[in-house]
Amino acid sequence: MTKSEQLFARAKKRIPGGVNSPVRAFGSIGGTPRFIARADGSHMTDVDGNTYLDYICSWGPMILGHNSELVREQVRRACERGLSYGCATEIEVEMAELICESIPFVEMIRMVNSGTEAVMSAIRAARGFTGRDKIIKFAGCYHGHTDSVLVSAGSGVMTSGSPDSAGVTKGCVQDTMTAVYNDLESVESLLAQAGDQVAAVIVEPVAANMGVVPPKEGFLAGLRRLCDAYGALLIFDEVITGFRLSFGGAAEYFGVTPDLVTYGKIIGAGMPVGAYGGRREIMEMVAPSGPVYQAGTLSGNPVAMAAGLAQLSYLKEHPEFYQALEEKGKDLYGSMQALLEKANLPWQVNYIASLGSLFFAKEAVQDYTSAKASDTERFAGYFHFMLQEGIHLAPSQFEAMFLSGAHTREDLDVTLAALEKYLAGEGQRSV
Ligand code: KE4
C-alpha cells in the first residue's frame, strides 16, 4: 500500500469520507486521493514522494504559486506577534482600505472566514436592506454550503427551491428560486412572478462550479438591468473570480457593477478568509452599525490578513501580472482546443483568463443542462491518465483548471504533450 492509501484508510475511520471537503475524496473519479506533503510554485509533492504539476492551486487561492516566499515571510512575521487577539487590529484596516480604495463599488467590506460565510452574510445583508425574502440563484452555480443556496440544482426554472442536501429544511430553501445560467428570460420570468419579493439575484459572474461556463455577451449587463427594474440587489459571488480575472475581478473585467460582492480564496492566499462588501448604505446595515447580525471569532485574523494583504499588495503593484496570466490561459486552453480539433474529437474547452475546463461533451457547454451532458466516466479516465503523467487536475468534470504565476512555459508544454498522448490513445476510445 502507498502511504496515501494507508492515510486514506485511517482517515476514513475518523473523518467523513476521509476528507475535510467532499471533492477531495476522488468520489466522482475513483481511486485514492493523493495526500500532499508540500507544494512549491506550480507543483505539489505527495507523501510517497511523487511530484505533480498542479492545476488545483488549492481551488484558486494560490494565484502566485504555492509557498510564495513573499507571502510566507509576512505570515512568519505575523506569527511572531501572536496568532489571534479577538480585538481590532491595524492590519484589518489596511486590508479593508486596500480593497475599498481599489474597487470603487466596494465602499465597505467585512472580513469573514470562508466563501460560504461571505455568501451567507451577503444574502442576509441583502434581505435586511431590502426587507424582501426571496433570492434567485442559477442552476449549476455553487455558492458554498449555507442552507439557503443548497437548492436542488434543477436545470430548469424553479420558483421554490427543494433541498439539495439532507438536513436542509424546506423552510430554508422555500425563498430560493432557481434560474438558468446565461438565460435572461428565465430570470425575467421569475422576477415577473415575484419581483417585489426578490431581495437579490446571486450569480457567479463566470460560472466555475459546473466546470467553467463564461457569461454570454450581455448576460451580466442584463442581470444588472433586471435587478434595477425590479428593485432587487445584484450579488456577484466572486469567491473564484475575485482578484483572478483582474484585480477588480469580474466586475472590472466585464464592466458590470454589482450591489454586493463576495470574495474568498485569493484574498486569504491560502489562509481561511472570506469577505463581503459593496455599497455603503447596504453594508451599514451590518452589526454593529445596523440590525443585520453577523460575527466571527477569527474574522480578520491577523495572520490570515498578513497572508492576504501580502498577496493582494503584490497583485495591485504588478498589474502586468494579469496580462501575463491571461496570455498563459489563452496559450494553454487555446492549444488544448486546437489538439481536440486536430484529433477530430468533439469535446469542448471553455475558458476565460486563467480559468478553463475540458468538457467531454459533444455540444457547447453554456449552462447546467449542457454541462451535465458531459461523459463523466470518460473524464475519470482522462483524470487518471493525466495523474499518471504527473499532472494533477481537479478531480471532477465540474471543476475548473486554475493557472498561477508560477506555471511555466515548460509546464504548459508538458501538459499539452500529455493531452496529445491521451487523445492519440485512450481518447479515441468509442467516441
Ligand atoms: P468556501 O466556503 O469553500 O471557502 O467557498 C464557497 C464558495 C463560494 N462561492 C464560490 C463561487 C465557490 O467556488 C466556493 C467554493 N469553491 C469550491 C471549488 N469549486 C471549493 C472547493 C471545496 O469545496 O473543497
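The exercises below, each with a worked solution, concern a predicted model.

**Exercise 1. Ring geometry**

Classify the ring pair of Tyr 314 and Phe 321 as stacked, tilted or edge-to-face.

Solution.
- A pair of aromatic rings is described by the distance of the centres and the angle of the planes.
- Rings pair if their centres lie within 6.5 Å. The model holds 18 aromatic pairs by this rule.
- For Tyr 314 and Phe 321, the ring centres are 6.4 Å apart.
- Planes over 60 degrees apart count as edge-to-face. The planes of Tyr 314 and Phe 321 stand at 90°, so this pair is edge-to-face.

**Exercise 2. Exposure of the two partners**

Assign Tyr 314 and Phe 321 to the classes buried, partly exposed or exposed.

Solution.
- Buried means under 20% relative accessible area, and exposed means over 50%, with partly exposed in between.
- Tyr 314 has a relative accessible area of 27%, so Tyr 314 is partly exposed.
- Phe 321 has a relative accessible area of 11%, so Phe 321 is buried.

**Exercise 3. The surroundings of Trp 347**

Describe Trp 347 by its place in the chain, its accessibility and its aromatic partners.

Solution.
- Trp 347 sits in the loop between α11 (320-342) and β11 (348-352).
- Its relative accessibility is 3%, so Trp 347 counts as buried.
- Trp 347 belongs to one aromatic cluster together with Phe 360, Phe 379, Tyr 382, Phe 385 and Tyr 422.
- From Trp 347 to Ala 364 the separation is 17 residues in sequence and 8.6 Å in space, C-alpha to C-alpha.

**Exercise 4. Backbone angles**

Which backbone features mark Pro 288, Asn 182 and Phe 243?

Solution.
- Most residues other than glycine have a negative phi, and most peptide bonds are trans.
- The peptide bond between Ala 287 and Pro 288 is cis, with omega about 5°. Pro 288 lies in the loop between α9 (280-283) and α10 (302-317).
- Asn 182 has a positive phi, near 70°. Its loop runs between β6 (176-179) and α6 (184-194), and a relative accessible area of 10% makes Asn 182 buried.
- Phe 243, not a glycine, also has a positive phi, about 60°. Phe 243 is in the loop between β8 (233-237) and α8 (249-254). With a relative accessible area of 0%, Phe 243 is buried.

**Exercise 5. A charged patch**

Which residues gather with Lys 3 in a patch of positive charge on the surface?

Solution.
- Lys 3 is in helix α1 (residues 3-14).
- Patch members need over 30% relative accessible area. Lys 3 has 43% and is partly exposed.
- The patch joins Lys 3 with Arg 10, Lys 13 and Arg 14.

Conventions:
Residues are numbered from 1 along each chain as its sequence is written. This is a predicted model: local features need pLDDT of at least 70, side-chain atom pairs count only at pLDDT 80 or more; totals for chains, interfaces and linings use all residues. Side-chain values use heavy atoms; hydrogens and water are left out. Rings of Phe, Tyr and Trp (its six-membered ring) pair if their centres lie within 6.5 Å; planes under 30 degrees apart count as stacked, over 60 as edge-to-face and the rest as tilted. Buried means under 20% relative accessible area, exposed over 50%, partly exposed in between (1.4 Å probe, protein chains only). Patches are made of residues with over 30% relative accessible area and no salt bridge: like charges are joined within 9 Å, nonpolar side chains (Val, Leu, Ile, Met, Phe, Trp, Tyr) within 5 Å. Accessible areas come from the Shrake-Rupley method with a 1.4 Å probe; for residues, only the protein chains shown count as cover. A salt bridge is a side-chain nitrogen of Lys or Arg within 4 Å of a carboxyl oxygen of Asp or Glu. Lys and Arg count as positive and Asp and Glu as negative; His and the chain ends are not counted. The place of a charge is taken as NZ of Lys, CZ of Arg, CG of Asp or CD of Glu. Helices (H or I, at least four residues) and strands (E, at least two) are DSSP runs, numbered from the N terminus.
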